[in-house]
Amino acid sequence: MAPPADLRDWIALLEREGELVRVAAEVDPDLEATEIVDRTVKAGGPALLFERPKGAAHPLLVNQFGTERRMCLAFAVDRLDAVAERLEDVLELQPPQGLVEKVRGLKKLKSIADSMPKSVSHGACQEVVLTGDDVDLDLLPIQRCWPGDPAPFITLPAVITIDPRTGTRNVGMYRMQKIDARTTFMHWQIHKDGAADWRGMGDRLEVAVALGLDPVTAYSASAPLPKHIDELMLAGFLRGEPVELVRGKTVELEVPANAEIVLEGYIEKGELAVEGPFGDHTGYYSPAEPFPVFHLTALTMRRDAIYPSIVVGKPPAEDAWLGKATERIFLPAIRASVPEIVDYDLPVAGAFHNCAIVSIRKTYPAQARKVMHAIWGLGLLSLTKAVIVVDGHVDPHDYAQVAFYAGANVDPARDVVLTEGPADHLDHATARQFVGGKLGIDATAKLPEEGAREWPPEIEMSAEVRDLVDSRWAEYGLGEKS
Ligand SMILES: Cc1cc2nc3c(=O)[nH]c(=O)nc-3n(C[C@H](O)[C@H](O)[C@H](O)COP(=O)(O)O)c2cc1C
Ligand SMILES: [Mn+2]
């Protein structure tokens with residue numbers, strides 16, 4: 001089975017799988033939808049298609065990504081690690097030995113070449129074209145998510161720009177506060193590629209925003225790829241099908257043909273206004289700050305377009321699963337530069353940037369410190385506040401195990417690293433915005449060169465006795481074997 005081709009295909013799949021409920025009652029996108037969605041997400045419940053959002057002409061889809069099972073359905077896999085394995089296969093491309101390997105290598109290269117987006121002449125996303133004064137964001141059920149939000153926010157967009165200096169495309173997910181029917185903000189945080197395109201702009205920067213994509217392409221907008229890699233290529237690779245693009249009606253940019261809705265427009269150099277506050281994925285309101293203003297020149301859409309949204313807030317929220325997908329999918333890429341890493345976990349409760357637990361195959365002294373610094377030097381992982389390093393036999397996803405080793409193996413006088421580095425744009429705890437402390441905890445077993453006394457063996461039962469008890473279990477009268 002291939003991943004869904006577009007949002008409608010995805011909705012049909014969710015319905016077949018009992019993963020979507022249609023809400024026929026009129027629901028207000030102003031706060032009411034959030035409360036319904038938040039309760040549903042926290043209960044592990046289904047995607048919700050609000051068919052009659054109050055005051056809007058189009059239905060509202062929320063919680064499409066809210067469980068591991070739906071995330072797997074989106075990628076057509078049975079576990080998210082299977083997605084990573086496909087990527088790993090390509091990343092580990094070695095010079096081929098012999099004919100069979102050469103053919104296999106060519107197939108891999110072809111899978112990369114076939115991932116490039118493809119231009120087409122028509123797209124469903126342009127069945128309806130509104131330009132100029134006809135552009136009207138009031139048609140859409142844009143949610144105001146939390147009581148302290150000053151306005152509705154578009155929360156699940158794929159924002160497309162081209163770096164005017166290099167010509168490379170970037171696609172990112174950045175919230176867009178509605179200013180009026182034809183204007184929004186663009187929330188490009190300082191460390192993001194979108195912000196870099198904006199900093200490099202001339203007098204005007206064209207922007208296109210795709211809403212209501214197939215789930216893999218929508219996910220790809222949130223993926224932290226290096227600046228020069230087009231997120232639509234990742235989408236094509238993960239879908240096994242190139243993303244089809246049509247030329248915008250009022251911009252030079254190309255937009256995904258399968259989108260439900262596309263917003264086209266521009267940003268003027270130096271035009272900033274005060275955006276926010278916004279009830280954010282940190283669990284706090286991020287404060288009001290200046291951000292660029294986006295002027296719409298066109299709103300194009302399918303007939304009966306469906307508007308997608310996501311509610312972030314105190315974790316766990318729906319975005320937890322977009323984050324977990326990234327955690328899994330990027331493991332091979334991280335291992336490509338830090339090969340001693342066995343596995344890692346970014347706890348949902350840590351809003352992804354607050355904490356990373358990393359397990360390593362340790363072979364030399366101070367290696368845990370090397371890995372901490374690697375994390376603090378790696379893409380958006382550089383924003384990680386606390387890094388806990390454990391040995392390779394420890395499961396980083398098992399927080400009780402991690403807590404055990406972070407206690408038992410740590411002498412705080414010796415095994416804690418405190419340093420400084422860039423802090424997440426939204427971190428409210430740092431003394432200064434964008435700059436903060438970093439905490440490393442080396443919870444690996446220590447070597448003599450690291451200043452350890454003789455390290456005691458860990459307690460484990462012998463294999464013979466385990467086998468004996470296995471074979472005699474029924475005799476003990478203790479029920480099911482544990
Ligand atoms: C639901 C959701 C909302 C997000 N909102 C923002 C945002 O408002 N601003 C921002 O800079 N990043 C936001 N992000 C994170 C970016 O999408 C992510 O860092 C992505 O890698 C950015 O793409 P880029 O690296 O090409 O800039 C959001 C992520 C998700 C999943
Ligand atoms: Mn990018």
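Buried, on this tour, means under 20% relative accessible area, exposed means over 50%, and partly exposed is in between. The model in your viewer is a predicted one, so keep that in mind at each stop.

**Stop 1: helix 9**

Select residues 319–329, which make up helix 9. Of its 11 residues, 10 are buried, so the helix is largely enclosed by the rest of the structure. Colour the buried ones: Asp319, Ala320, Leu322, Gly323, Lys324, Ala325, Thr326, Glu327, Arg328 and Ile329.

Which elements do these buried residues pack against? Show helix 3 (68–75), helix 4 (81–91), helix 7 (215–220), helix 10 (331–337), strand 20 (341–345) and helix 12 (399–408), and you have the partners of helix 9 on screen.

**Stop 2: the nonpolar cores**

Now pick Phe75, Tyr219, Ile341 and Val358, the residues with the most contacts inside the largest nonpolar core, a set of 73 residues. Centre on phenylalanine 75. Beyond its sequence neighbours up to four places away, phenylalanine 75 touches Pro3, Leu80, Val83, Val216, Tyr219, Leu238, Ala325 and Ile329. Two of those names, Ala325 and Ile329, you have already met among the buried residues of helix 9.

There is also a second, separate core, with 38 residues; Ala33, Tyr174, Val209 and Phe294 are among them. In soluble globular proteins, nonpolar side chains tend to be buried together.

**Stop 3: ligand 1**

Next, select ligand 1 and show the 19 residues around it; Met173, Tyr174, Arg175, His187 and Asp193 come nearest. Tyr174 is also a member of the second core. Sorted by class, the shell holds 8 nonpolar, 7 polar and 4 charged residues.

Look for three places where an oxygen atom of the ligand sits by a polar atom of the protein:

- Asparagine 170: an N or O atom of its side chain is 2.9 Å from a ligand oxygen.
- Glutamate 231: here the distance from a side-chain N or O atom to a ligand oxygen is 3.0 Å.
- Alanine 223: a polar backbone atom lies 3.3 Å from a ligand oxygen.

Taken alone, ligand 1 exposes 630 Å², and the protein buries 87% of that. Strand 8 (169–172) and helix 6 (193–199) are the elements that give two or more residues to the shell, and strand 8 gives the most, with 3.

**Stop 4: glutamine 143**

Move to the loop between strand 5 (128–131) and strand 6 (153–154), where you will find glutamine 143. Is this residue buried or exposed? Glutamine 143 is buried, because its relative accessible area is 0%. Its side chain makes a polar contact of 2.6 Å with the side chain of serine 309. Other residues it touches include Pro29, Ala33, Leu60, Val62 and Phe153. For a sense of distance, draw a line to alanine 113: the two are 30 residues apart in sequence and 39 Å apart, C-alpha to C-alpha.

**Stop 5: lysine 446**

Go to the loop between strand 24 (435–442) and helix 14 (463–472) and select lysine 446. This lysine counts as buried, because its relative accessibility is 4%. Its side chain reaches the backbone oxygen of asparagine 409 at 2.9 Å and makes a polar contact with the side chain of aspartate 415 at 3.2 Å. Lys362, Arg414, Ala452 and Trp455 are among its other contacts.

**Last stop: glutamate 85**

Finish in helix 4 with glutamate 85, which is partly exposed, with a relative accessible area of 42%. Measure from its C-alpha to that of serine 482, and you should read 32 Å across 397 residues of chain.

Methods: Residues numbered from 1 in each chain as written. Chains lettered and ligands numbered in written order. Predicted model: local features only at pLDDT ≥ 70, side-chain atom pairs only at ≥ 80, totals over all residues. Heavy atoms only, no water. Near = heavy atom within 4 Å. Polar contact = N/O pair within 3.5 Å; in protein donor to acceptor, adjacent residues only side chain to side chain. Areas by Shrake-Rupley, 256 points an atom, 1.4 Å probe, with all protein chains shown as cover. Helix = DSSP H or I, 4+ residues; strand = E, 2+ residues; numbered from the N terminus. Nonpolar A, V, L, I, M, F, W, Y, C, P; charged D, E, K, R; others polar. Buried < 20%, exposed > 50% of the residue type's maximum accessible area, 1.4 Å probe, protein only. Contact = heavy atoms within 4.5 Å. Core = buried A, V, L, I, M, F, W, Y, C linked by side-chain atoms within 4.5 Å.
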